[in-house]
Amino acid sequence: MSHAYPAPAKLNLFLHVVGRRDDGYHLLQSAFRLIDRADTVHLALRDDGRVVREGDLPGVAEDDDLTVRAARLLQTHAPEGAGVTIRLEKILPLGGGLGGGSSDAATVLLALNRLWQVNLPRERLQALALQLGADVPVFVFGQTAFAEGVGEVLSPLNVAPAWYVVLMPPVQVPTAAIFAAPELTRDTPTLRMARFSAGMGRNDLQPVVVSRYPEVARYLEWLAQFGAAQMTGSGACVFASFESEDAAWGVLRQLPETMQGFVAQGLDRHPLFDCCA
């Protein structure tokens with residue numbers, strides 16, 4: 001029997017690079033907001049101890065797939081013989097800054113934690129998630145979060161209800177290359193979480209991406225007609241916040257046919273928050 005689980009996207013309401021560790025990792029501050037646009041992860045349990053990906057993910061080998069790696073990582077805590085076949089329905093773009101691959105991996109951890117009856121507490125799952133990538137823990141954390149460190153130090157954050165217009169420029173932005181850019185600002189003063197509210201801060205990666213990807217600049221310029229537009233993550237997707245669904249759809253209906261985007265509602269909690277950790 002196959003089980004289907006959502007893997008929601010995220011937006012970075014701001015993203016500051018506040019320093020750099022001796023090992024080269026960047027120190028960040030950010031606010032993560034989940035939205036109701038999601039991939040779907042299909043899991044079919046096996047009893048032969050194998051983790052198998054069904055179908056292809058262009059440009060991603062099976063052994064490099066974060067969902068496969070997540071299952072194999074949790075498998076070390078699972079009963080003998082526990083296996084799974086994984087199939088993804090992808091609607092979140094690769095290299096878009098929406099955290100699609102990280103969210104897919106987190107959903108695998110959360111769902112298999114229950115299906116395999118591993119029953120690790122959320123904090124243990126977050127520690128496993130960090131081994132897969134800096135963005136994976138926030139999806140296991142499963143709620144709007146103020147993030148520090150390399151993105152793994154997470155605190156709950158209250159943010160007002162909002163609807164978002166998210167635009168998807170037709171480019172993939174390589175995260176590592178943007179963080180390696182010599183012109184990247186790496187000394188933004190830190191924010192105190194208690195003083196943060198939506199609309200504060202900026203995305204320090206945005207000027208680098210805009211200078212290298214004209215399509216991102218074009219999408220930002222169009223969306224900025226209607227509100228404070230900014231990039232999420234390391235790009236390429238850009239977004240603006242609106243107080244109502246009608247306002248968001250009113251903007252999206254004006255989107256030129258040559259551009260792509262969607263409307264999404266902010267989520268206070270991950271859809272699997274209460275069931276799997």
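**Close-up 1. Helix α1 is largely enclosed by the rest of the structure, because 7 of its 10 residues are buried.** In this predicted model, α1 covers residues 66-75. Its buried residues are L66, T67, V68, A70, A71, L73 and L74. They pack against β3 (51-53), β4 (83-89), α2 (100-115) and α3 (122-130).

**Close-up 2. Here we look into the largest nonpolar core, which has 43 residues.** L43, L74, L112 and W116 touch the most other members. At least two residues of this core come from each of β1 (2-20), β2 (26-46), α1, β4, α2, α3, α4 (136-141) and β5 (145-148). The most come from α2, with 8 residues. Leaving aside residues up to four places away in sequence, L74 touches L109, L112, N113, W116, V118, L120, L125 and L128. Apart from this core lies another, of 31 residues, including A181, L184, L220 and L252.

**Close-up 3. Now for the aromatic rings, which form 5 pairs.** Y164 and F239 meet edge-to-face, 6.0 Å centre to centre and with 75 degrees between the planes. This pair links distant parts of the chain: Y164 is in strand β7 (residues 163-167) and F239 in strand β9 (residues 238-242), 75 residues apart. W222 and F226 form a tilted pair, at 4.9 Å and 55 degrees. W222 is buried, at 14% relative accessible area, whereas F226 is partly exposed, at 27%. Ring pairs also join F14, F146 and F196 into a cluster.

**Close-up 4. Last come two charges that sit over rings.** The charged end of R37 lies over the ring of F262, 4.2 Å from its centre. For R122, the ring is that of F273, with the charged end 4.0 Å from the ring centre.

How values were computed:
Residues numbered from 1 in each chain as written. Predicted model: local features only at pLDDT ≥ 70, side-chain atom pairs only at ≥ 80, totals over all residues. Heavy atoms only, no water. Buried < 20%, exposed > 50% of the residue type's maximum accessible area, 1.4 Å probe, protein only. Helix = DSSP H or I, 4+ residues; strand = E, 2+ residues; numbered from the N terminus. Contact = heavy atoms within 4.5 Å. Core = buried A, V, L, I, M, F, W, Y, C linked by side-chain atoms within 4.5 Å. Phe/Tyr/Trp six-rings, centres within 6.5 Å; stacked < 30°, edge-to-face > 60°. Lys NZ or Arg CZ within 6 Å of the ring centre and 35° of its normal.
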